[in-house]
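Trainee: I've got a protein model open and I'd like to learn how to read it. Could you walk me through some features?

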Amino acid sequence: MHPGIQHAPRLAEALEREGVLSCFWTGWVQAGAAPGRRKVAIPTEKLHTRPWVEVAALLLHRAGLHPEKVWHWRNAIFQQLIPDVEFRNAEVVIGFDTAGWILARRAKRAGKRFILEQSIAHPAARPGELRKIGCGAEVWPEAFRPRAGIVVEAERKEHELADRVVAASTFTRQTLVEHGVAEEKIRVLPYGVGKEFLEAGKMRKERVAGRKMRFLFLGHLSARKGLRQLLEAWRGIEGGELVLMGGGDPGPWRKITEENVIFSGGGDRNRVLEEMKKADVFVFPSLFEGFGLVLLEAMAAGLPVITTQNTGGPDLIGQGQEGRLVSAGNVKELAEAMVSSIRDPARTAEMGQRAYVRACQFTWESYGRKYREEVLG
């Protein structure tokens, strides 16, 4: 049950393939086999949506109301709209972080297990993680702002009532344990990757000799994604071009860019695939992540990745094997990793091939099987 999107539709599909899905409640998706962010390949009768809740929240958000309180209201309304009969019919209830505290209480009253999907590292860990890497409020102001008390309390109740917490990375598990979540509750299960990305990797063509090496960043253009560090690291690098793809206001970032930086804007899955096909290296220097599904998608498309320890990177790549791990916030290490990729294109291509092989182990089908065996079992 999830009021928004994230990886909830893929989880629902995986559970359906395993024969254990009773129903899927969400905000707004369509039943359909075609891949897409708002498509889910499950029987129509198992899909229940409440799109008006999401639309109302978006309108309130655009009207300038406090964002945290708006999404908290949306999440609360969504959880209350689910009929009691769904809890009676289910053996296990699955909810998502910041949208599961009421579900957890209702599941407990019905005598059912509650599983919490933790989609990002523990929010309370943000200031400490930034200080570890020598970054202050000037780098990522949001990380140091006090959070709404009602949201903090809701998260605490979720962690307390959950019978099991599913994290997608060891980094997320580390932050949960550091902030009081019982380690024995937590299972680390990395996400899966769509077949369309694996098909792109399988059909990948060799890089044209002499062409500039193309680095691709994909994500929201924000401080949390390490964009400032990426643009600082890019200064003075020759022999390459950097493509920034994603939503968010590019204006502030354009002011600190050097040459050979392309702002590609956002795009649907087809556009993402096209950019990945044209790229040689995927770079994702996020400061604070739950996993970073784009890492796995890029690897499936045959790209070596440069990323930080504060993502799902350590769960996916070996240092110098499928890519390179750098310290979060470390501009020098990030620059060195990109320069090394340019100077040794043959090794870079080999890492891309290994990245594809590694990504083949993380299909959504294998994810569903592991979920049934390791989480539900």
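Mentor: Sure, let's begin with one side chain. Glu16 has a relative accessibility of 21%, so it counts as partly exposed, because buried would need a value under 20%. Keep in mind that this is a predicted model.

Trainee: Which residue does Glu16 form a salt bridge with?

Mentor: The general idea comes first. Side chains of opposite charge can pair when their charged atoms come close. Here the partner of Glu16 is Lys46, and their closest N and O atoms are 2.9 Å apart. Glu16 sits in helix H1 (residues 8-17) while Lys46 is in the loop between strands S3 and S4, so the pair ties together parts that are 30 residues apart in sequence.

Trainee: How many salt bridges turn up in the whole structure?

Mentor: A search finds 26. Another one to look at joins the side chains of Glu289 and Lys225, at 3.1 Å from N to O. This pair also links distant parts of the chain, 64 residues apart: Glu289 is in the loop between strand S12 and helix H13, and Lys225 is in the loop between strand S9 and helix H10.

Trainee: Are Glu289 and Lys225 buried or exposed?

Mentor: Both Glu289 and Lys225 are buried. Now try Arg372 and Glu373, whose side chains meet in a salt bridge at 3.9 Å, N to O. Arg372 is partly exposed, with a relative accessible area of 32%, and Glu373 is partly exposed too, at 46%.

Trainee: Which residues are linked in a network of salt bridges?

Mentor: Look for Arg214, Glu241, Arg271, Glu275 and Lys278. One of them, Glu241, also helps us read a strand: Glu241, Val243 and Met245 point one way from S10, whereas Gly240, Leu242 and Leu244 point the other way.

Trainee: How many residues of strand S10 are buried?

Mentor: Six of its six residues, so you can call S10 (residues 240-245) mostly covered. S10 also runs parallel to S9, and six bridges join the two. To find your place, look for Leu216, which stands opposite Val243 in S10.

Trainee: Okay, how do I read a sheet?

Mentor: Strands of a sheet pair through backbone hydrogen bonds, either parallel or antiparallel. Follow the order S5-S6-S7-S8 here: these four strands form an open sheet with parallel pairing. Its edge strands are S5 (92-96) and S8 (186-188), each pairing on one side only. On average, neighbouring strands of this sheet are turned by 25° against each other, direction ignored.

Trainee: How many bridges pair S5 with S6?

Mentor: Five, in the parallel sense. You'll see Gly95 opposite Leu116 in S6. Then look for helix H8 (residues 170-178), which packs on the sheet and touches S6, S7 and S8. The direction of H8 makes about 165° with that of S8.

Trainee: And what about two helices packed together?

Mentor: Two packed helices are described by the angle between their axes and the distance between the axes. Take H3 (residues 67-81) and H5 (residues 101-109): the angle is about 25° and the axes are 8 Å apart. That makes H3 roughly parallel to H5, because angles under 35 degrees count that way.

Trainee: Which residues of H3 and H5 make the contact?

Mentor: H3 brings His72, Asn75, Ala76, Gln79 and Gln80, and H5 brings Trp101, Ile102, Leu103 and Arg106. Sort the residues of this contact by type and you get four nonpolar, four polar and one charged.

Terms used. Residues are numbered from 1 along each chain as its sequence is written. This is a predicted model: local features need pLDDT of at least 70, side-chain atom pairs count only at pLDDT 80 or more; totals for chains, interfaces and linings use all residues. Side-chain values use heavy atoms; hydrogens and water are left out. Two strands pair if DSSP finds at least two bridges between them. Axes are lines fitted to C-alpha atoms, for helices over the stretch in contact, and angles run from 0 to 180 degrees between N-to-C directions. Contact means heavy atoms within 4.5 Å. Angles under 35 degrees count as roughly parallel, over 145 as roughly antiparallel, 65 to 115 as roughly perpendicular and the rest as oblique. Ala, Val, Leu, Ile, Met, Phe, Trp, Tyr, Cys and Pro count as nonpolar, Asp, Glu, Lys and Arg as charged, and the others, Gly among them, as polar. A salt bridge is a side-chain nitrogen of Lys or Arg within 4 Å of a carboxyl oxygen of Asp or Glu. Buried means under 20% relative accessible area, exposed over 50%, partly exposed in between (1.4 Å probe, protein chains only).
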